[in-house]
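Open the model in your viewer and keep the sequence panel beside it. The stops below say what to select next and what is there.

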Amino acid sequence: MNDSLLIALQLLLAHVLTDFVFQTKAWVSHKQQLKAKSWFLYFHAILAGLLTYLLLQQWTSFLVPIGIAVTHFFIDLWKLRAKEDNLKVFLIDQFLHVLVLALAWWYLNAEQVEVLKGLKEFLTSPYFLAITTGYLLVIFPVGFIIGKATKKWQEEIAEEEALSSLESAGRVIGIFERILIFTLILTDNFGAIGFLIGAKSILRFGDSKTGNARKQTEYVLIGTLMSFALSILIGSLVRVLIF
């Protein structure tokens, strides 16, 4: 294992231990109530720096552990002062932490020129660009196309009876569904796609015996089959490009 990867893993492990292993619900609750007045907030930030220092084992270097402790404090303080504590805030919070870790890794990496060269090669690789573009296509444009194509059926169901499902649940399910299908195609696991189709069909038709449920089920299956077809098409094209 090269030094660059080792440093990245050490920094990431320190963060995971700080934010998810050693931080208890009592700490989180105390911080949410008292915010900047909570001594847990300060202890949590110090712990982030201390674990970083211990895992890096660079005993004469204090800049990175101190920098991580300070930035961890202010990032968490921002999160505590956010109006809502939802997934969006959590993801922004973690992104900022990871960004700090990336900067720390860059500072500690002795082969910065080689890293830049490797990053440039990575970003100009047809393999990387094809896979990234494929994932973006199945996540965003395909979802938009399916939404437009099935709009008339959705409106028909809505006129007769309000859709009884979680808000945006179908869109989220569809995104994960297409990501899974695209990944299965890239890893040459076409057979698993059949099991996925069968499982979803059984699940949906199991609740289609009363009221307007059958129409909702048919609407969902139309969207599902369109989602599968487009994901398989894109995945197959990407396979042709990269293999």
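Helices here are DSSP runs of H or I of at least four residues, numbered from the N terminus. Keep in mind that this is a predicted model.

**Whole chain**

Colour by secondary structure first. The chain has twelve helices and zero strands, so that numbering from the N terminus is enough to name each helix. Of the 243 residues, 34% are buried. Switch on the surface: its accessible area is about 15,600 Å², and carbon and sulfur atoms account for 70% of that. Contacts between residues at least 6 apart in sequence join residues at least 24 apart in 69% of cases.

**Helix H1: Phe 20 and Thr 18**

Select Phe 20, which sits in helix H1. Phe 20 has a relative accessible area of 46% and is therefore partly exposed, since that class runs between 20% and 50%. Add Leu 12, Val 16, Val 21 and Phe 22: together with Phe 20 they make a nonpolar surface patch of about 430 Å².

Next select Thr 18, also placed in helix H1, which spans residues 3-21. Is Thr 18 buried or exposed? Its relative accessibility is 0%, so Thr 18 counts as buried. Show side chains and draw a distance from the Thr 18 side chain to the backbone oxygen of Ala 14; the value is 2.7 Å. Then display the contacts of Thr 18 beyond four places in sequence: Gln 23, His 44, Leu 47, Ala 48, Leu 51 and His 72.

**Salt bridge: Lys 31 and Asp 76**

How many salt bridges does the structure hold? The count is one. Select Asp 76 and Lys 31, whose closest N and O atoms are 3.6 Å apart. Asp 76 belongs to helix H4 (residues 63-81) and Lys 31 to helix H2 (residues 25-34), so the pair ties together parts 45 residues apart in sequence. Check the burial of each partner. Asp 76 has 6% relative accessibility and so counts as buried; Lys 31, at 5%, counts as buried too.

**Largest nonpolar core**

Now select Ala 130, Ile 131, Val 138, Ile 139, Val 142, Ile 146, Ile 175, Phe 182, Leu 186, Ile 234, Val 238 and Ile 242. These twelve residues form the largest nonpolar core. At least two of them come from each of helix H7 (126-139), helix H8 (141-149), helix H10 (169-186) and helix H12 (213-242). Which helix gives the most to this core? H7 does, with four residues.

Centre the view on Ile 234. Setting aside residues up to four places away in sequence, Ile 234 touches Gly 134, Leu 137, Val 138, Val 142 and Phe 182.

A second, separate core has eleven residues, among them Ile 7, Ala 48, Leu 56 and Ile 68. Ala 48 has already appeared on this tour, as a contact of Thr 18. In soluble globular proteins, nonpolar side chains tend to be buried together.

**Helix H11: Ile 197**

For the last stop, select Ile 197 in helix H11 (residues 190-205). With 31% relative accessibility, Ile 197 counts as partly exposed. Add Leu 225 and draw a line between the two C-alpha atoms. Ile 197 and Leu 225 are 28 residues apart along the chain, and their C-alpha atoms are separated by 8.3 Å.

Key. Residues are numbered from 1 along each chain as its sequence is written. This is a predicted model: local features need pLDDT of at least 70, side-chain atom pairs count only at pLDDT 80 or more; totals for chains, interfaces and linings use all residues. Side-chain values use heavy atoms; hydrogens and water are left out. A nonpolar core is a set of buried Ala, Val, Leu, Ile, Met, Phe, Trp, Tyr and Cys residues joined through side-chain atoms within 4.5 Å. Buried means under 20% relative accessible area, exposed over 50%, partly exposed in between (1.4 Å probe, protein chains only). Helices (H or I, at least four residues) and strands (E, at least two) are DSSP runs, numbered from the N terminus. Contact means heavy atoms within 4.5 Å. Accessible areas come from the Shrake-Rupley method with a 1.4 Å probe; for residues, only the protein chains shown count as cover. A salt bridge is a side-chain nitrogen of Lys or Arg within 4 Å of a carboxyl oxygen of Asp or Glu. A polar contact is a pair of N or O atoms within 3.5 Å; within protein, one must be able to donate a hydrogen and the other to accept it, and residues adjacent in sequence count only if both atoms are side-chain atoms. Patches are made of residues with over 30% relative accessible area and no salt bridge: like charges are joined within 9 Å, nonpolar side chains (Val, Leu, Ile, Met, Phe, Trp, Tyr) within 5 Å.
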